[in-house]
Amino acid sequence: MKSQVPDIKQIYNEHNKLVYNLSLFYLQNSEDAEEVTQDVFVSVYQSIDQFNHTSTLKTWIYKITINKCLDFLKAKKTKKRWAFVSSIFNNGGGLKHDTSDFVHPGILLENKEHSIYLFKAIDTLPESQKTAFLLVNIEGLGNKEISVVMGKSIGSVESLLQRAKENLRIQLKEYYKEYRRK
Amino acid sequence: MEAENWIKSVENSTHHMQKAEPNAFLLTRIEQKIENLYSNNFKKPMSWALSLSVVLIILANIFILVKSFKSVKNENNIAQSFNLIPNNSIY
């Protein structure tokens, strides 16, 4: 029995853009982002009793969103593995290669082509680095807030960001070679 | 130099980016999911209770049948010990 019935409409109105956009950056697919957004708010509704106010509601929702995105990506990877296995045994079926380039709907027109490479590069980052990078560069959070969301020290967050930037540069150098060949 | 400029422009491609708007019907879908969740939470215990009742009825029937079979056997044993005919036939 719930001790308090949350006003999901109000919570949704205040945080829907945050959740949707973070999911969109993580998953790079609008349908997947919508699915995860729904799961996040259902989760918020179900577990509002567990929210202990040690952080803000916004921070708590950030945490739930990140966890849901990571779970979604893991489940997708597992599906892909099975699809690969079944494609070997299917007659005339080659493995479908996902070549969709993600373009965020909010990116300025003149930046769209370049942003494709950026999102591709972000997608190659390890989970923690990706999370830290997205939270600071896309969501505009400070290191202190990111440390609360990720449950890490500020020093760890700074280290993650440093490594994320380095890895992105390495990846972008490779993409530049591709870009030059076009 | 060209590579460096290109990388910088890629890194800056999210500048002045607008936040995307989710589907207008998303809230409706969320409310529907929550409603389904709680109606399923009521249906599950009900279906368990029904299944359990059916199992109990079957077990009770088996118990009664076994008991009545044993009592018939007992009656036959008692009749035999007194050299009585256990059935009702006269011949």
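**Notes on a predicted two-chain model**

1. Let's start at a small spot: His53(A) sits in the loop that links helix 2 and helix 3 of chain A. This is a predicted model, so keep that in mind throughout. Phi of His53(A) is near 60°, a positive value, even though the residue is not a glycine. Is His53(A) buried or exposed? It is exposed, because just 7 other C-beta atoms lie within 10 Å, and a residue with 12 or fewer counts as exposed.

2. Now look at Gln28(A), in the loop between helix 1 and helix 2 of chain A. Gln28(A) isn't a glycine either, and its phi is positive too, at about 55°. Its surroundings are another matter: 18 other C-beta atoms lie within 10 Å of Gln28(A), so it counts as partly exposed.

3. Stepping back to chain A as a whole, what secondary structure does it have? There are seven helices and zero strands. Read from the N terminus, the order is simply α-α-α-α-α-α-α. Of the 182 residues in chain A, 27% are buried. Take the contacts in chain A between residues at least 6 apart in sequence: 59% of them join residues at least 24 apart.

4. The domain assignment splits chain A into domain 1 (1–100) and domain 2 (101–182). Where they meet, 13 residues of domain 1 of chain A are in contact with 13 residues of domain 2 of chain A. On the domain 1 side, the elements giving two or more residues are helix 1 (8–27) and helix 3 (57–89) of chain A. Which of the elements gives the most? Helix 3 of chain A does, with five residues. Sorted by class, that side of domain 1 has seven nonpolar, five polar and one charged residues.

5. Helix 4 (112–123) of chain A is worth a closer look. Its twelve residues should span 16 Å at 1.5 Å a residue, and its end C-alpha atoms are 17 Å apart, which agrees. The buried residues in helix 4 of chain A are His114(A), Ser115(A), Tyr117(A), Leu118(A), Ala121(A) and Ile122(A). Why are they said to be on the same side of the helix? Because they cover an arc of only 155° around the axis of helix 4 of chain A. What covers these buried residues includes helix 5 and helix 7 of chain A, together with helix 1 of chain B.

6. You can run the length check again on helix 7 (residues 154–181) of chain A. With 28 residues at 1.5 Å each step, helix 7 should span 40 Å; the end C-alpha atoms are 41 Å apart, which agrees. Inside helix 7 of chain A, the buried residues are Val157(A), Leu160(A), Ala164(A), Leu168(A) and Leu172(A). Their cover includes helix 4, helix 5 (127–138) and helix 6 (143–150) of chain A, along with helix 1 (2–11) of chain B.

7. On to chain B, which has two helices and zero strands. Of its 91 residues, 7% count as buried. The mean pLDDT of chain B is 84, and 88% of its residues reach 70 or more. Where pLDDT is low, don't read the predicted coordinates in detail. As for overall scores, the model has ipTM 0.79 and pTM 0.74.

8. How do the two chains meet? The contact involves 31 residues of chain A and 23 residues of chain B. On the chain A side, the elements that give two or more residues are helix 1, helix 2 (30–47), helix 4, helix 5 and helix 7 of chain A. Helix 1 of chain A gives the most, with eight residues. By class, the chain A side divides into 16 nonpolar, ten polar and five charged residues.

9. One last residue to find is Ser13(B), in the loop between helix 1 and helix 2 (26–81) of chain B. Is Ser13(B) buried or exposed? With 22 other C-beta atoms within 10 Å, it is buried, because the cut-off is 20 or more. Leaving out residues up to four places away in sequence, Ser13(B) touches Ile107(A), Asn111(A), His114(A), Ser115(A) and Leu118(A). You met some of these earlier: His114(A), Ser115(A) and Leu118(A) are among the buried residues of helix 4 of chain A. Along chain B, Ser13(B) and Leu27(B) are 14 residues apart, and their C-alpha atoms are separated by 31 Å.

Technical notes
Residues numbered from 1 in each chain as written. Chains lettered and ligands numbered in written order. Predicted model: local features only at pLDDT ≥ 70, side-chain atom pairs only at ≥ 80, totals over all residues. Domains from an automatic or database assignment. Contact = placed C-beta atoms within 7 Å. Helix = DSSP H or I, 4+ residues; strand = E, 2+ residues; numbered from the N terminus. Nonpolar A, V, L, I, M, F, W, Y, C, P; charged D, E, K, R; others polar. Expected span 1.5 Å × (residues − 1). Arc of directions from axis to C-beta. pLDDT = per-residue confidence, 0-100.
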